[in-house]
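Biologist: I would like to learn how to read a structure of this kind, beginning with what is meant when a residue is called buried or exposed. Could you take me through the general idea first and then the case at hand?

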Amino acid sequence: MTSGNPFEIAQRQLDDCARILDLDPGVHAILRQPMREMHLALPVRMDDGSVQVFPAYRVQYNDAKGPTKGGIRFHPEETIDTVRALAAWMTWKCALLDLPLGGGKGGVICNPKSLSRNELERLSRAYARAFAPFIGPDVDVPAPDVYTNPQIMAWMMDEYSKVLHKNAFGVLTGKPLCVGGSAGRGDATARGGLITIREAAGILGLDLSRARIAIQGYGNAGYYAAALARSEFGSTIVAVSDSRGGVYHPTGIDPDVALAHKQATGSVAGLPGAQPIANGDLLELDVDVLIPAALEQVITGENAGRVKARILAELANGPTTPEADEILDANGVHVIPDFLCNAGGVTVSYFEMVQNNAMFYWEESEVHQRLDQRMTLAYHRVLEAAQRYGVTMRQAAYAVAVSTVAEAMQLRGWV
Ligand code: NAD
């Protein structure tokens with residue numbers, strides 16, 4: 001799916017921001033590169049007795065504002081440049097949400113769909129063991145991302161705890177509730193994104209109870225976005241998709257029926273009563289809100305002109321290329337950029353870290369209320385910066401985030 005180099009895109013976005021802010025050249029040079037990255041090889045005993053070696057990465061992009069934070073992705077097409085880009089975006093995301101954290105990311109080149117549960121557990125434990133010297137609650141705190149989940153986090157936390165000979169729940173976030181997870185973490189990314197959509201709709205005068213929504217990707221982010229858009233706003237979900245295909249229904253898809261179908265068959269494709277739709281066509285549907293919630297670079301210079309949505313809410317990281325951004329801007333599409341739109345996950349991950357530290361756990365309602373407060377504030381900070389600088393929402397999000405990181409670097413005497 002990824003055609004251009006995502007890290008080059010992340011660097012171009014930063015360069016653009018440096019021009020807008022007239023950024024100190026020393027700060028700019030530091031922020032163009034990851035501060036630290038580890039490349040390791042993970043040998044794993046497979047069920048048939050053979051040994052397979054999986055390349056694995058961890059990138060700690062910048063820790064001026066605190067320990068680095070970011071998910072671990074298991075994907076056959078993972079590359080170090082994807083991990084670098086995602087780590088850079090985590091840096092901006094944490095800064096934008098005013099979290100006391102830097103940005104990091106991890107990845108393993110593997111096909112989790114072809115691994116048995118035991119192989120997946122051995123791979124997850126191998127990752128935690130191998131990276132144990134480089135991670136920790138004060139250093140770098142991983143979390144789930146594409147094709148990793150709370151069970152994988154529990155195995156990794158357990159392995160890290162064994163290495164340290166003590167319970168170390170705070171080493172990573174996105175854990176199941178009974179082993180140090182936070183209430184409200186499961187749907188946090190989608191819930192946070194919907195808060196930004198709610199604010200954008202308010203500005204644009206769009207009635208979300210009558211809105212038609214299309215969602216690409218039906219995993220953690222995509223499913224909860226569909227379910228919450230329906231339950232919280234009364235919106236109509238007209239299309240959903242996953243890696244195997246998509247479905248379209250003009251009068252609405254029930255998100256839970258689509259989920260049950262995916263659980264039974266492996267895909268939303270073939271949902272009874274709905275029409276098939278290709279992933280590319282879904283992006284061009286006549287909808288009010290389009291939510292990419294899968295992988296990078298799906299909206300490009302080639303198809304951006306055919307996006308009809310009024311709001312493009314980027315739950316996925318990096319779904320839009322810089323060429324596409326220019327076209328969307330010219331066409332008046334209101335883009336809620338990725339590291340604003342999908343910041344709900346890391347925000348509740350931060351709440352999880354706070355609760356792990358305090359050994360005191362919050363009610364779900366408290367998590368929701370604190371998430372709403374931070375997401376609403378971040379959306380309006382970006383909107384205000386877009387108006388102040390006369391730039392797009394993405395450029396404005398960069399301006400707010402990069403100036404916050406730059407201030408921390410300057411105060412710490414790095415430049
Ligand atoms: P997930 O593994 O739970 O789900 C990914 C979904 O994308 C699956 O339904 C998969 O079938 C689908 N998909 C994969 N390739 C596809 C393709 N080519 N076309 C269409 N669909 C495809 O992952 P997730 O956690 O939901 O993450 C999705 C996106 O959201 C990623 O970009 C991730 O970085 C971003 N994100 C997730 C979180 C989080 O907390 N889960 C937080 C921030 C950002």
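Modeller: Buried means under 20% relative accessible area and exposed means over 50%, with partly exposed in between. This is a predicted model, and in it Arg394 is buried, as is Glu314.

Biologist: What is the relative accessible area of Arg394, and in which helix does Arg394 lie?

Modeller: Arg394 has a relative accessible area of 6%, which means that it counts as buried, and it belongs to helix 14, which spans residues 393-411.

Biologist: Which side chains make polar contacts with the side chain of Arg394?

Modeller: Glu314 is one partner, with a polar contact of 2.8 Å between the two side chains, and the side chain of Asp325 is another, at 2.6 Å. If residues up to four places away in sequence are set aside, Arg394 touches Gln13, Glu314, Thr320, Asp325, Val335, Pro337 and Asp338.

Biologist: How should I read a salt bridge, and how many salt bridges does the structure hold?

Modeller: A salt bridge is called when a side-chain nitrogen of Lys or Arg comes within 4 Å of a carboxyl oxygen of Asp or Glu, and the structure holds 28 of them. The pair we have just discussed is one, since the side chains of Arg394 and Glu314 meet at 2.8 Å, N to O. Arg394 lies in helix 14, whereas Glu314 sits in the loop between strand 11 (311-313) and helix 10 (322-330), so this salt bridge ties together parts that are 80 residues apart in sequence. Salt bridges can also share partners, and in this way Glu121, Arg125, Arg129, Asp158, Glu159 and Lys162 are joined into one network.

Biologist: Are the partners buried or exposed in the salt bridges of Arg191 with Asp187 and of Arg306 with Glu302?

Modeller: Arg191 and Asp187, whose closest N and O atoms are 3.0 Å apart, are both buried. In the salt bridge of Arg306 with Glu302, where the closest N and O atoms are 3.1 Å apart, Arg306 is partly exposed at 35% relative accessibility, while Glu302 is exposed, with a relative accessible area of 56%.

Biologist: Let us turn to cysteines: how many disulfides does a search of the whole structure find?

Modeller: A disulfide is a covalent bond between the sulfur atoms of two cysteines. The search finds zero disulfides; for Cys94, the nearest cysteine sulfur is that of Cys341, 16 Å away, whereas a disulfide would need the two sulfur atoms within 2.5 Å. Cys94 is buried, at 0% relative accessibility, and Cys110 is buried too, with a relative accessible area of 4%.

Biologist: Where does the largest nonpolar core lie with respect to the domains?

Modeller: In soluble globular proteins, nonpolar side chains tend to be buried together. The largest nonpolar core here has 97 residues, and those with the most contacts inside it are Trp92, Leu96, Ile215, Ile291 and Val402. Domain 1 (36-170) and domain 2 (188-341) both contribute residues to this core, so it lies between them. Leu96, leaving aside its neighbours within four places in sequence, is in contact with several residues, including Phe339, Leu340, Ala378 and Val400. Apart from the largest core lies another, of 28 residues, among them Val44, Phe74, Leu115 and Met157.

Biologist: How many residues of domain 1 are in contact with domain 2?

Modeller: There are 14 residues of domain 1 in contact with nine residues of domain 2, and the C-alpha centres of the two domains lie 27 Å apart.

Note on methods: Residues are numbered from 1 along each chain as its sequence is written. This is a predicted model: local features need pLDDT of at least 70, side-chain atom pairs count only at pLDDT 80 or more; totals for chains, interfaces and linings use all residues. Side-chain values use heavy atoms; hydrogens and water are left out. Buried means under 20% relative accessible area, exposed over 50%, partly exposed in between (1.4 Å probe, protein chains only). Helices (H or I, at least four residues) and strands (E, at least two) are DSSP runs, numbered from the N terminus. A polar contact is a pair of N or O atoms within 3.5 Å; within protein, one must be able to donate a hydrogen and the other to accept it, and residues adjacent in sequence count only if both atoms are side-chain atoms. Contact means heavy atoms within 4.5 Å. A nonpolar core is a set of buried Ala, Val, Leu, Ile, Met, Phe, Trp, Tyr and Cys residues joined through side-chain atoms within 4.5 Å. Domain bounds come from an automatic or database domain assignment.
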